[in-house]
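Please read the points below with the model open beside you. They are set out by topic, beginning with empty space inside the protein and ending with individual residues.

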Amino acid sequence: MVLLNDAGRQDKEVGYKIAGSLDVQAVWGIDSDFLLKFTLNSPKLLARGKLVTADYLPIKSIWDSYYKTEFYAHWKNGIITNAYLNPDEVTDVLNYKKSLISLFQLQIIDGEHNETDVSGNCDVLYDSISMQIIRKIKTKCKHPDTKDSSEGVTSRRLTRYTLSEKLDAIDEVHAEELHTAGYQELNAAIKARAWMRLRRDGVPRTTATKYPDFETALAELPSNLKPVELPMLMTEDVLDNELSLEEAINDVVLDDEEEEAGGGGGGGGRARTAQAGLRALRALRNATQDHIAAILRAQTDARSLTAVCRVLGSAGSAHTHAGVSRELALSERDAPPPATHYLHALALAHAPDESVVLDLVRLGTEARCGAVREAALLAAAASAARLANHAPHLSHTLRDALSKHLARCLDDECRALVARALGNLQRADTAELLLEQAERGGAAALHALQALQALPHEAIGPARQRRLAALAASMRPLEVRAAALDLFLVRAAPLPPPLVLARLSHELHVHAPAELRRLFWQRAHQLAEEHKPLADVLAMLAPEQRGWNALAISGTSSALVRPLGMFGVGGGRLESLQLTPGGVLRRGTVRLNVDGTPAPLLAIELWTRGLESLTGGAKSSEGGAEGGAEDEEEDMSGGLALTVGGARLPSVTLFDGQAQLLGHVWAGTGSTPTPALRALQPLGTRSAALPLLAAGTLHLHCHSAVALALDAQAQVSLWSRTALSELELRVGAASEARASLHLAGGTLRAHAQHAAEPRLRVAAHLDFYDRMALCVKVSTEDHVRRSNTTLHSELGSTQRKVRRERLLEVPQPGRTLALGPLNDAACNTLIA
């Protein structure tokens, strides 16, 4: 019996049975060496109708023409050494006979063995439950003809043998396989189950002809039987060929047009967008360079071209990159703006081709357009990091290239770019280089610290933790000290160095500004809840450093961690670090972590300089430049940096100078929701081809992606001295699992989908009329997580069709995050 079903259900499946009788006789044998003759009699295909209560009934099929067939196997010491079958028979029939032969592969010695049967080469464990029952468990099966990995597929293969009372025969054989793939936590998973049962009927059979020796027995075999390998004959999947690339690309363009019709802001970030992207990515697997070039030329406007470039970049294939490079002239000075969107999307590709990464390295140094060079270098590093396990040489190549690039840098802007690229590369052996840049100071120091944050945990050991603590206690710009402090606490929390932490706490208590002390204690207390060693060290600090008077620190800077509940494809957590001396944002970072993603799904960094004079606050040495005088004023500037899926994207300058800022204020720039990010983030693609007992090749495909849309707006009134900024993050999450089993007697298919559209809103109200007051509200909206599983079967000569569907909706309530009593009091005053 073979069944496909939703992993969460025990009924309403689709499948079939094959029933018949099997005669097994030894035509030659000596000791533990036998030639076995198998006779398969009257096999019939059984299926049931659309009613779930219907019985399995015989239907006309290709099995009717195999009413009696013979085949042989050489059994020696419990191992099938050769199978003798008719290679001209239908593949399904051959695989079924191989499954039957495999059931007779049985070793009587308990323990671990290695065997090859219909499933391929497997590790096998034999366990005698009793004198009559032997259990055989197969694990780590690898078929010689499969290329796809079985990662993400849970498999169980079990066979139970029941011996007769006299222990001289096998009374019953029961073999079962269960394979599960997909996203069970999202109710979008599929299971395939197959089992075979042989039971001795006790009816006397005609004794087979006995041969004097093995060679004579082989010579008497029918001429149409040939020795064949026991592993199953694998077949190709046909699902991907059914998808039209033009249709998939048109869906992407239409979805983008609908967003434009809605006014830009407020659009995007829908599950439909992610689903359209997944379909396009599947269709692009077999696309040629000329096909890609034709699709690009078919776009009639810049918006549709940009939408297509986002999807093409997410594919990361060699043919796609060659087509885009030719049509958009990536190396030329006049490369169009969609070229950078393509490179941004390429930085998020799940598994880019190695040749594409190498070409990105070339573009990072040779492209004539500065924006293309920056985007290509960041994309190359992010792509090499994603391929680190499969192609480690690419990561080595990028590390060496970036090290040489850094040595040639003549200004801080160049060094900052290399630091961001090293952060995307995520190599532990670049930690020393980045830490030296942070200690060197200048504009690249903060970028180097951000890159260190992306490195593996083992990259920052005790020695480097001491250097980070010294940097946090030094006379550097406040934002650099805050970044070093946060990084030190996060990396030292699992096993904190007591003396270093005590010395740092003392330095901050005596010399550091209040805003830095606030960040230290808030972050330390958060981490202490997760790491008991840190809590123990904090308890050992001097009383004057941890007393209530030391912890009741004035200021507006904050470090917060808040759970968001289920957010798209997993549980979400929001981490916020806001450095706001005098109530003026100097640097703020917000990271959205979602379970099931290897890096933060989205990180937003906003920074400003020189806004104290605009809000009426006095210039403080806390935010001053390194080594500068207290009355030295900074030029007004501000910028935004986004990191999606661990890949840092090029920064955006919002304003540079007071005149430009005031121009934005008077013109009302961004006073309505303005798109800041549109991205498609593939979260994973897994494919597997498994031999399924008594059936054929089971093809499994799992894909997931999120469509991100970030809108922002800001309103500033210099007359009433108030400001309002709002940010909305819309996430369209889509996950799907597909399974197919194509047989000569029919087809079984299953398709499970999950979709969700969570929303996150952040609103900040600032009043600087009399004294500084800031209210921040963070909330998520109510949304529904929808799962849909569809099962299809087409069996028999008449292709009898059965379709079953399961719909599931799980309401996900929204929530407003608590940000502390002081913030609540400010909100009650400002919004009331």
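1. The helices and strands named in this note are DSSP runs, numbered from the N terminus, with at least four residues for a helix and at least two for a strand. The model under discussion is a predicted one, and with that numbering its chain has 24 helices and 29 strands.

2. As to overall dimensions, the C-alpha trace spans about 110 × 65 × 55 Å along its principal axes. The chain has 832 residues, of which 52% count as buried. If one takes the contacts between residues at least 6 apart in sequence, 67% of these join residues at least 24 apart.

3. How many cavities of 30 Å³ or more does a search of the whole structure find? The search gives 11 of them, and the largest has a volume of about 240 Å³. Its lining is made up of 17 residues, and those that lie nearest the centre are Val252, Asp255, Thr273, Arg310 and Leu680.

4. Which elements supply the lining of this largest cavity with at least two residues each? They are helix H3 (245-261), helix H4 (271-283) and helix H6 (302-315), together with strand E21 (674-691) and strand E22 (697-717). H3 provides the largest share, which amounts to four residues. In character the lining is mixed, with eight nonpolar, four polar and five charged residues.

5. The largest nonpolar core contains 208 residues, and the members that touch the most others within it are Tyr16, Ile101, Leu360, Leu449, Leu452, Phe488 and Leu677. Apart from this core lies another, of nine residues, among them Val27, Trp28, Tyr72 and Ala217.

6. Tyr16 deserves a separate look in the viewer. Leaving aside residues up to four places away in sequence, Tyr16 touches Met1, Val2, Leu45, Leu46, Tyr56, Ala694, Ala695, Leu741, Leu743, Leu748 and Leu795.

7. One of those contacts of Tyr16 is Ala694, which has its place in the loop between E21 and E22. Although Ala694 is not a glycine, its phi is positive, at about 65 degrees. Ala694 counts as buried because its relative accessibility is 6%, and the limit for that term is under 20%.

8. A positive phi is also found at Ser42, again a residue other than glycine, where the value is near 50 degrees. Is Ser42 located in a strand or in a loop? Ser42 belongs to strand E3, and with a relative accessible area of 47% this residue is partly exposed.

9. Six aromatic pairs are present in the structure. In one of them Phe34 and Trp75 are tilted, with 5.9 Å from centre to centre and 50 degrees between the planes. Phe34 lies in strand E3 (residues 33-47) whereas Trp75 lies in strand E5 (residues 68-76), so the pair ties together parts that are 41 residues apart in sequence. Phe34 itself is partly exposed, its relative accessible area being 26%.

10. Phe520 and Trp521 have ring centres 5.1 Å apart and planes at 75 degrees, and the pair is therefore edge-to-face. Both of these residues, Phe520 and Trp521, are buried. Elsewhere in the list of aromatic residues, Phe38, Phe71 and Phe104 make up one aromatic cluster.

11. Val118 sits in the loop between strand E7 (111-117) and strand E8 (120-128). Is this loop residue, Val118, buried or exposed? Val118 counts as buried, because its relative accessibility is 1%. The contacts of Val118, not counting residues up to four places away in sequence, are Asn95, Lys98, Ser99, Ser102, His143, Leu230, Pro231, Met232, Pro691 and Leu693. Among these contacts is Pro691, which is 573 residues from Val118 along the chain, while the C-alpha atoms of the two are separated by 7.3 Å.

12. Pro337 is likewise placed in a loop, the one between helix H7 (318-328) and helix H8 (338-346). Pro337 counts as exposed because its relative accessibility is 60%. Between Pro337 and Leu225, which are 112 residues apart along the chain, the C-alpha atoms are separated by 65 Å.

Note on methods. Residues are numbered from 1 along each chain as its sequence is written. This is a predicted model: local features need pLDDT of at least 70, side-chain atom pairs count only at pLDDT 80 or more; totals for chains, interfaces and linings use all residues. Side-chain values use heavy atoms; hydrogens and water are left out. On a 1 Å grid over the protein atoms alone, a cavity is a set of points where a 1.4 Å probe fits but cannot get out, and a pocket is an open set with protein on both sides within 12 Å along at least five of seven lines; lining residues have an atom within 4 Å of a point. Grid points are joined across faces, edges and corners, and a volume is the space filled by probe spheres set on the points. Ala, Val, Leu, Ile, Met, Phe, Trp, Tyr, Cys and Pro count as nonpolar, Asp, Glu, Lys and Arg as charged, and the others, Gly among them, as polar. A nonpolar core is a set of buried Ala, Val, Leu, Ile, Met, Phe, Trp, Tyr and Cys residues joined through side-chain atoms within 4.5 Å. Buried means under 20% relative accessible area, exposed over 50%, partly exposed in between (1.4 Å probe, protein chains only). Contact means heavy atoms within 4.5 Å. Rings of Phe, Tyr and Trp (its six-membered ring) pair if their centres lie within 6.5 Å; planes under 30 degrees apart count as stacked, over 60 as edge-to-face and the rest as tilted.
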